[in-house]
Amino acid sequence: MRRTFFTAAAALCLAACNSSSGPERTTPAEFGDVTFSPTEVTADTEVTVEASITSEYGFRRVDIVYILDDDESDVRFASLLRSFEAEAKSLSYKGIIPGQKAGRKVTFWVRAITAYDVVTLSDPRSYTIPKEEEDEKPEQPNLTMQ
C-alpha cells in the first residue's frame, strides 16, 4: 500500500513539474507554394495538388480537405499521407482531388498535422469546372402535315 502511494505521489509531482506545454504543442507547420494542375479542369478530371511543407517538430499526417459549391456542411478528404521519415522536417506533398461533375466549384486546403497534433491549413485555393456546352442543333422549320 505504501509503495502504491509513493508511486502515485511521484507521478503527480512529475506532472506538476511540467505543467506548461512547450513550443512543440503550439508551433504550426508552414506552407510554401501550393499549386494544382491542370489549371483548366474539365468534368471528371483528377486534379493534382502539390505543396511544400515544413515543420520544426515533424509530421503525423498530411492530406487535402475540400468542399464543393461552398457547402461547408459537406467536408471531404483526399490523398492521406501518413508515412514519413522519423526526423522529416520538410516534405514535398503531392495529392489528388477526384474528378467532379461539370459546373461544380471545388475549394480546397492542404492540411498538415504535426507530430504533436498541431493542425495547420494552407490558404484556400479553388477552381470551377465549366458547364458542358450542349451541342446546338440547327433549328428546324415547323412542318405541318396537310
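Is Gln100 buried or exposed? At 8% relative accessibility, Gln100 counts as buried, because the cut-off for that class is under 20% relative accessible area. The model is predicted, and the protein chain has an average pLDDT of 85. The chain holds 1 helix and 8 strands, and 27% of its 146 residues count as buried. The points below go from the chain as a whole to its strands, and then to three single residues.

**The chain as a whole**

- Read from the N terminus, the order of elements is α-β-β-β-β-β-β-β-β.
- A pLDDT of at least 70 is reached by 77% of the residues.
- Confidence varies between elements: helix α1, residues 2-17, has the lowest mean pLDDT at 51, while β2 has the highest at 98.
- About 10800 Å² of the protein chain is exposed, and carbon and sulfur atoms supply 49% of that area.
- Of the contacts between residues at least 6 apart in sequence, 62% join residues at least 24 apart.

**The sheet of β1, β2 and β5**

- Three strands form an open sheet in the order β1-β2-β5, and their pairing is antiparallel.
- β1 (30-37) and β5 (90-97) are the edge strands, each of which pairs on one side only.
- On average, neighbouring strands of this sheet are turned by 15° against each other, with direction ignored.
- Strand β2, residues 47-54, runs antiparallel to β5 and is joined to it by 8 bridges.
- Within β2 and β5, Ala51 stands opposite Tyr93 of β5.

**Strand β6 and its partners**

- Strand β6 spans residues 105-114.
- Most of β6 is covered, with 8 of its 10 residues buried.
- β6 pairs with strand β3 (residues 59-68) in the antiparallel sense, over 9 bridges.
- Ile64 has Val110 in β6 as its bridge partner.
- With strand β8 (residues 125-128), β6 shares 4 bridges, and these two strands also run antiparallel.
- Across from Thr107 stands Ser126 in β8.
- A further antiparallel pairing links β6 to strand β7 (residues 119-121) over 3 bridges.
- In that pairing, Ile113 has Val119 in β7 as its bridge partner.
- β6 and β7 form a hairpin with 4 residues between the strands, where Asp117 takes a positive phi near 65°.

**Gln100, a buried loop residue**

- Gln100 sits in the loop between β5 and β6.
- Its side chain reaches the backbone oxygen of Pro98 at 3.0 Å.
- Beyond its neighbours within four places in sequence, Gln100 is in contact with Ala43, Asp44, Tyr66, Leu68, Val106 and Ile129.
- Of these contacts, Val106 belongs to β6, the strand of residues 105-114, and Tyr66 and Leu68 belong to β3, the strand of residues 59-68.

**Arg76, a partly exposed strand residue**

- Arg76 is placed in strand β4, which covers residues 76-81.
- With a relative accessibility of 30%, Arg76 counts as partly exposed, because that class lies between the cut-offs of under 20% for buried and over 50% for exposed.
- The side chain of Arg76 makes a polar contact with the side chain of Asp74, at 2.9 Å.
- Arg76 and Tyr66 are 10 residues apart in sequence, and their C-alpha atoms are 5.2 Å apart in space.
- Leaving out neighbours within four places in sequence, the contacts of Arg76 are Ile64, Val65, Tyr66 and Leu68.
- Tyr66 and Leu68 are in contact with Arg76 and also with Gln100.

**Arg82, an exposed loop residue**

- Arg82 is found in the loop between β4 and β5.
- What class does the relative accessible area of Arg82 give? At 55%, Arg82 is exposed, because the cut-off for exposed is over 50%.
- Between Arg82 and Val62 there are 6.7 Å from C-alpha to C-alpha, and the two are 20 residues apart in sequence.
- Apart from neighbours within four places in sequence, Arg82 is in contact with Arg60 and Arg61.

Note on methods
Residues numbered from 1 in each chain as written. Predicted model: local features only at pLDDT ≥ 70, side-chain atom pairs only at ≥ 80, totals over all residues. Heavy atoms only, no water. Pairing = 2+ DSSP bridges. Axes fitted to C-alpha atoms, helices over the stretch in contact; angles between N-to-C directions. Buried < 20%, exposed > 50% of the residue type's maximum accessible area, 1.4 Å probe, protein only. Contact = heavy atoms within 4.5 Å. Polar contact = N/O pair within 3.5 Å; in protein donor to acceptor, adjacent residues only side chain to side chain. pLDDT = per-residue confidence, 0-100. Areas by Shrake-Rupley, 256 points an atom, 1.4 Å probe, with all protein chains shown as cover.
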